[in-house]
Amino acid sequence: MIRSSELDRGFMREVMAIPGGENLIKCWSCGTCAATCLVRRYDPTFNPRLILRKAGMGMRQEVLSSREIWLCSACDACYPRCPQEIHISEVMKAIRTIAIAEGYEAPGPFAEVDTALCSGCAVCTRACPYGAIERQPVLVNGEERMVAQVDHTLCMHCGVCVAACPSGSITLEDYANDELIARMGAGGWLEEGSYQQGEATEPRILAFVCQWSMRSDAEWATLDAMQSDSLRIVNLPCSGRVDPGMILLALSQGADGVLVAGCSEGECHYKRGTYLGRSKVALLDTVLAQMGIQPGRVRFVELGAFDRGALPGLIAEMSAALKQPAVTVA
Amino acid sequence: MDKLKLAVYWASSCGGCDIAIVELGEHLLELAKLADIVFWPCAMDFKYSDVEAMDDRHIDVCLFNGAIRTDEDEHIAHLLRRKSKVLVAFGSCASEGCIPGLGNIKGPDHALARAAFETPTTDNPERVMFAPRYAMPEGDLTLPALTVQLRTLEQVVPIDFTIPGCPPNHEQIWNAITAVVENRLPEAGSLLGVDPRTVCDQCPRTRLGKIQVERFFRPHEILPDPERCLLEQGLVCAGPATHAGCGALCVKAMMPCRGCYGAPDGVLDQGSELLDAIVAGMAGESDAEIRRVVSTIVDPVGTFYRFSLGASLLHALKKSPLESGQRCETQRDGARGEGEHA
């Protein structure tokens with residue numbers, strides 16, 4: 001039961017006073033946001049309508065202490081659909097700002113910068129879909145330098161910056177470069193000979209799979225059960241985390257093909273993540289073609305909400321294509 | 001202590017590395033006091049027989065510039081490895097293939113045919129091909145033959161250190177030489193004559209960090225703002241993915257960094273890191289937009305791997321190391337084009 005005596009009537013104004021939070025008052029709780037929410041598809045406990053409703057009613061402590069306020073990945077799928085034109089992720093950001101000021105901590109993990117290695121090149125600040133990275137003057141080993149700094153209120157741990165950083169100065173728990181390379185090659189998978197070299201009976205495929213493109217645990221389980229000598233799955237927080245260097249590493253060792261699975265256009269949880277993933281694979285493809293390397297060794301597949309269970313078929317398709325005799329490119 | 005015995009060699013290179021050593025200027029006089037130059041074919045009169053006559057490990061330090069492009073280069077690489085205590089891959093060709101390494105995209109047979117028959121300035125009605133052996137009345141003339149792929153020094157013999165750059169900056173060369181003389185060498189396999197981090201660390205240009213590039217330009221197509229980051233203006237600048245050491249020379253002269261100091265520490269493949277960094281700043285959301293923006297990058301391999309192709313994962317993907325050292329098709333014994341005096 002909600003007791004009106006326990007409500008903090010000032011909370012709505014508090015949220016509205018923070019830039020981005022001013023539209024909270026416009027919410028009439030229709031639930032269109034919840035119906036379109038991409039996070040809610042995986043985690044039904046998350047409901048943006050409820051958070052806005054509770055904040056509007058003044059349930060201050062309950063909102064600030066809830067884990068849900070940190071789940072919104074600010075993909076903004078709800079924003080264009082909201083009949084009241086509320087930029088909901090901005091309201092969520094305002095609520096988080098208050099929570100941080102109150103001493104609550106975002107659960108993370110966050111991208112972390114090795115300031116001794118960082119050159120302040122600003123590649124990551126351009127890459128971040130959330131503007132969560134800024135270059136700031138920091139004292140590093142007694143010398144003030146402009147280096148990348150991550151804002152924990154804004155970082156959604158998509159890993160896009162980790163891939164983009166050209167000097168390997170950014171890491172993200174579980175998805176650092178060395179961790180991914182270790183997973184790619186675990187059990188000596190990369191050292192085994194490929195189908196092209198005539199040392200395997202089936203084309204060997206490495207698949208980088210965005211965690212959001214799999215719609216259920218059952219789907220993950222199916223994929224996991226398919227792992228074998230000819231298929232290695234490495235999951236990524238987002239297809240934008242894929243590193244072209246790792247694709248080349250796999251292809252130059254025992255992999256015949258590398259498949260990158262991400263979300264469809266407009267369904268990315270990290271705004272531009274899937275765009276960056278697709279762009280990297282597209283550009284790498286032109287590089288491989290220019291080198292005269294057999295086409296089709298790298299592929300990006302998009303998995304939308306209606307593509308449940310499609311990935312095993314797409315992997316089989318790629319495998320069949322890699323069995324075709326190589327076409328010589330002039 | 002005896003004077004240091006120093007050797008300098010050029011394999012397949014443009015000569016720029018030797019010029020960079022001459023650029024030491026007055027340090028050359030100090031160098032003459034510190035070291036005996038026992039072999040430097042570009043600058044002083046030596047013969048291969050002089051090197052062959054040396055005891056093994058006679059040379060203290062050999063600065064080897066140039067890539068391994070011919071069977072002669074390969075022969076001398078093995079010889080100098082045997083005669084040297086410390087073998088240094090000097091400059092971009094020896095360490096990562098450099099511009100000549102781009103020849104690996106289409107291979108030497110393509111390059112020979114292009115040079116012998118196709119360039120606008122070629123006048124070769126009899127279609128004579130460059131041949132490694134040519135019979136003259138006085139006897140056979142021989143030339144070294146090209147190998148199937150250009151290789152870096154390390155792909156042929158073990159090396160001790162690398163001094164990157166095209167060419168290495170003369171101040172960095174002097175730093176490296178004094179490190180040798182004062183016995184301050186880092187652990188084997190390290191880079192010598194570099195600064196920490198990447199070129200961006202030394203670049204004075206301002207970065208907004210938010211610009212998204214609508215299309216890419218080649219340097220001659222725009223007049224960039226002299227103060228602002230070149231990458232943010234749509235020029236493919238390799239600075240973010242290039243080891244510091246040059247002092248950001250090119251960017252200070254309005255040219256985007258071309259990447260000659262190679263990959264930053266711990267980075268596997270310079271070209272793919274640059275590719276990733278470039279994509280991060282690209283505008284757009286849709287596939288059509290990707291195709292449009294990507295299509296404005298002319299010659300992606302030459303742009304991303306301008307210097308590092310020979311040592312890259314991309315190169316490893318193309319050719320097996322076993323095949324790379326064979327003579328190219330055009331110049332194999334008995335192959336077409338073997339010249340004879342009419």
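# Two chains, their sheets and their contacts

Student: At about what angle to strand 5 of chain B does helix 4 of chain B run?
Tutor: Helix 4 (residues 71-83) of chain B lies across strand 1, strand 3 and strand 5 (84-90) of chain B. Helices (H or I, at least four residues) and strands (E, at least two) are DSSP runs, numbered from the N terminus. Axes are lines fitted to C-alpha atoms, for helices over the stretch in contact, and angles run from 0 to 180 degrees between N-to-C directions. Relative to strand 5 of chain B, helix 4 of chain B runs at about 135°.

Student: What kind of model is this?
Tutor: Residues are numbered from 1 along each chain as its sequence is written, and chains are lettered from A and ligands numbered from 1 in the order in which they are written. Local features need pLDDT of at least 70, side-chain atom pairs count only at pLDDT 80 or more, and totals for chains, interfaces and linings use all residues, as this is a predicted model.

Student: Which strands of chain B are the edge strands?
Tutor: The open sheet has five strands in the order 2-1-3-5-9 (chain B), with parallel pairing. Two strands pair if DSSP finds at least two bridges between them. The edge strands each pair on one side only, and they are strand 2 (35-39) and strand 9 of chain B.

Student: Which residue is the bridge partner of Val8(B) in strand 3 of chain B?
Tutor: Strand 1 (residues 4-10) and strand 3 (residues 59-65) of chain B run parallel and are joined by five bridges. In strand 3, the partner of Val8(B) is Leu63(B).

Student: In chain A, why is one side of strand 6 and of strand 8 left without a neighbour in the sheet?
Tutor: This open sheet has four strands in the order 6-5-7-8 (chain A), with parallel pairing. The twist averages 20° from one strand to the next. Strand 6 (231-236) and strand 8 (298-303) of chain A stand at the edges, so one side of each is free, as each has a single partner strand.

Student: Which residue of strand 7 of chain A stands opposite Ile205(A)?
Tutor: Strand 5 (residues 205-210) and strand 7 (residues 257-263) of chain A pair in the parallel sense over five bridges. Opposite Ile205(A) in strand 7 stands Gly257(A).

Student: Which helix gives the largest share of the side of chain A that touches chain B?
Tutor: The contact takes 37 residues from chain A and 43 residues from chain B, where two residues are in contact if their C-beta atoms, placed from the backbone, lie within 7 Å. On the chain A side, the elements that give two or more residues are helix 6 (123-127), helix 7 (160-164), helix 10 (244-252) and helix 11 (273-290). The largest share, 11 residues, comes from helix 11 of chain A.

Student: How are helix 11 of chain A and helix 11 of chain B set to each other?
Tutor: Helix 11 of chain A and helix 11 (residues 287-294) of chain B pack at an angle of about 45°, with their axes 10 Å apart. Angles under 35 degrees count as roughly parallel, over 145 as roughly antiparallel, 65 to 115 as roughly perpendicular and the rest as oblique. Helix 11 of chain A and helix 11 of chain B are therefore oblique.

Student: Is the crossing of these two helices left-handed or right-handed?
Tutor: A crossing is left-handed if the near helix is turned anticlockwise from the far one by less than a right angle, and right-handed if clockwise. For helix 11 of chain A and helix 11 of chain B, the crossing is right-handed.

Student: How many charged residues are in the contact of helix 10 of chain A with helix 10 of chain B?
Tutor: The axes of helix 10 of chain A and helix 10 (residues 270-280) of chain B come within 8 Å and cross at roughly 145°. Pro244(A), Gly245(A) and Leu248(A) meet Ser272(B), Glu273(B), Leu275(B) and Asp276(B). Ala, Val, Leu, Ile, Met, Phe, Trp, Tyr, Cys and Pro count as nonpolar, Asp, Glu, Lys and Arg as charged, and the others, Gly among them, as polar. The contact has three nonpolar and two polar residues, and the number of charged ones is two.

Student: What distance separates the centres of domain 1 and domain 2 of chain B?
Tutor: Domain bounds come from an automatic or database domain assignment. For chain B it gives domain 1 (4-100 + 148-181) and domain 2 (199-260 + 263-306). Taken over C-alpha atoms, their centres are separated by 31 Å.

Student: Which residue does a cis peptide bond join to Cys166(B)?
Tutor: Omega of this bond is about -10°. The partner is found in the loop between strand 9 (161-163) and helix 8 (170-181) of chain B. The residue joined to Cys166(B) is Pro167(B).
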